[in-house]
Amino acid sequence: MEAKPKNDDSFSPLVEIGSSFQNAYSQISTGVQGTVQLYFNLVNTRIENRLLSQKNLKLKAELSSLTELKLENERLNQLLAFKQKTKMSLLPSKVIGTDLVPDHYTLTINRGSDHGVEKNMAVISTGGVIGYITEVFDNSSRVLLLVDRYAVIDAIVQRTRTRGLVEGLGSNSCRFSYIASTDEDIVEGDLLVTSGLNNIFPKGFPIGIISKVEKNRVELKQYFEMRPVTNLYNLEEIFVILKSNSEDLLPKIIENTDKPKEEA
Amino acid sequence: MKKLGNLSLHYFSFIALFFIASTFSTSLWVLFFNSAAGPLIWVLFLVYWALYRRTREAVLMLYILCFILSEFSSTDFQQLLFNLHIILFFITYFKSRIYWDGPLYYMLATGTCALLFPVVQMFTFKWFGGGTWLAPNFFNWIMGTLLSMLISLPSYQLFRFIDRKIRDTRNESMEQGYL
């Protein structure tokens, strides 16, 4: 059977118009479909974004917690290493409070007479001197910081071995005073260390660095200000020295000397 | 008997509140704000009792505050007692000259005493032992005063609440502003 031939010439304009309309409808339909698809994609993206943000926050919190644990681990390792390499008898303590009255610089720690703490025992951190015990209770003690106005610590300049007293000036500074000679060679940047007198502090333990030098040649006076090596306002774990056991941390000065004279 | 019970409870409430505020100030405040100056808690209590109580009751509270305060500070007890007596004397004189009822007056009185306390401490410390003479840290001084004034407003409401609940009969006298 043969297909019935179409009379193409008579119906072609209609077909043209019809196909144009079909084309237009098709394009509109495609556009609408695209828009709807875009809308659904955006909604899904928004939901996904919110979920990812929540997950991100959770991960950030976990990371922060892990970082904190890592820092604490490093700190505790440092404390352990410090405790192990020294012959001093140390009692680790935690700071639980500070002084209530302004311009008084003391700390309360969670160790007391029940733990072997006594008055005037030295308190240190791994970096340097913090102060000493002034009051002892059963399960807590009060530590007088070296920057307090009533604090006095015997010290020497590590470089020149000049002896003097470190007295607190409040906030974050101390004064180095009662030096025997008025023309001592002490400059900014010199390190002050404990003298080890009375065996309370170990000998040679860092106290602070000279931050200001004023020399009055007319009155033959010198004034030295010192900045503590330890950050006294950011302490977490500290040590009470139960026994210094004559620990000597002072580096020995190597001198070129002639043969010693024989005694008569 | 009930009146005595109420009186004891009233005193105990303020003492307990002061104790809790002091522990917060020495522990939690430092945890959040490090070495930043805090409000002068004892000034809030002392000023309130000086303004709204009889003088003998204010003196009694002063002694109690001193005992508790000396447990939270290395300050010499005698020095603390002396300084607070000066503050009490000042606030009593201040009240006899200028007075109006309300929290703003309380805030003004608290601010003045918070400003005065370190100055008094600076001048009297030499009479109570050695140590280095130091001027108060200016920034901490101003911050402590401002914070004390800020906290005085909610403190006033709290103290009044305690007074209303436990010592109702005091209300009239307090509104008159003079006992």
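**Exercise 1. Strand β2 and its partners**

How many bridges join strand β1 (residues 89-98) of chain A to β2(A), and in which sense do the two run? Then find the partner of β2(A) on its other pairing, and describe its side chains.

*Solution.* Keep in mind that this model is predicted.

Step 1. Three bridges link β1(A) and β2(A), and the strands run antiparallel. In this pairing, Thr98(A) sits opposite Leu107(A) of β2(A).

Step 2. Strand β2(A) also pairs with β5 (residues 141-145) of chain A, in the antiparallel sense and over four bridges. Here Ile109(A) has Ser141(A) of β5(A) as its bridge partner.

Step 3. Now look at the side chains. Side chains in a regular strand alternate between the two faces of the sheet. In β2(A), which covers residues 106-109, Thr106(A) and Thr108(A) point one way, while Leu107(A) and Ile109(A) point the other way. All of these residues are buried.

**Exercise 2. The overall layout of chain A**

Work out which elements chain A contains and how they follow one another.

*Solution.* Step 1. Chain A has one helix and twelve strands.

Step 2. Along the sequence the helix comes at the start of the pattern, and the strands follow it. This helix, α1, spans residues 8-85.

Step 3. Chain A has 264 residues, and 33% of them count as buried. Its exposed area is about 17,200 Å², with 53% supplied by carbon and sulfur atoms.

Step 4. Take the contacts in chain A between residues at least 6 apart in sequence: 57% of these join residues at least 24 apart.

**Exercise 3. A nonpolar patch**

Find the nonpolar surface patch that includes Tyr25(A), and decide whether Tyr25(A) is buried or exposed.

*Solution.* Step 1. The patch has an area of about 1,100 Å², and its members include Ile17(A), Phe21(A), Tyr25(A), Ile28(A) and Leu51(A).

Step 2. Tyr25(A) belongs to helix α1 of chain A.

Step 3. The relative accessible area of Tyr25(A) is 57%, so this residue is exposed, the cut-off being over 50%.

**Exercise 4. Salt bridges**

Which residue forms a salt bridge with Arg159(A), and which parts of chain A does the pair tie together?

*Solution.* Step 1. The partner is Asp190(A), with the closest N and O atoms 2.8 Å apart.

Step 2. Arg159(A) is in the loop between β6 and β7 and Asp190(A) in the loop between β8 and β9, so the salt bridge ties together parts that lie 31 residues apart in sequence.

Step 3. Compare the surroundings of the two ends: Arg159(A) is partly exposed at 42%, whereas Asp190(A) is buried at 6%.

Step 4. Another salt bridge joins Glu167(A) to Arg175(A), at 3.0 Å between the closest N and O atoms. Glu167(A) is buried, with a relative accessible area of 10%, and Arg175(A) is partly exposed at 22%.

Step 5. Lys212(A) and Glu214(A) also meet in a salt bridge, at 3.3 Å from N to O. Over all chains, the count comes to six salt bridges.

**Exercise 5. Where chains A and B meet**

How many residues does each chain give to the contact, and what area is buried between them?

*Solution.* Step 1. Chain A gives 22 residues and chain B gives 27 residues.

Step 2. About 2,000 Å² is buried between the chains, and carbon and sulfur atoms give 53% of that area.

Step 3. Finish by looking for salt bridges between chain A and chain B: the count is zero.

Terms used: Residues numbered from 1 in each chain as written. Chains lettered and ligands numbered in written order. Predicted model: local features only at pLDDT ≥ 70, side-chain atom pairs only at ≥ 80, totals over all residues. Heavy atoms only, no water. Buried < 20%, exposed > 50% of the residue type's maximum accessible area, 1.4 Å probe, protein only. Pairing = 2+ DSSP bridges. Patch = residues over 30% accessible without salt bridge, like charges linked within 9 Å, V, L, I, M, F, W, Y side chains within 5 Å. Areas by Shrake-Rupley, 256 points an atom, 1.4 Å probe, with all protein chains shown as cover. Salt bridge = Lys/Arg side-chain N within 4 Å of Asp/Glu carboxyl O. Contact = heavy atoms within 4.5 Å. Buried area = accessible area lost by both parts, 1.4 Å probe.
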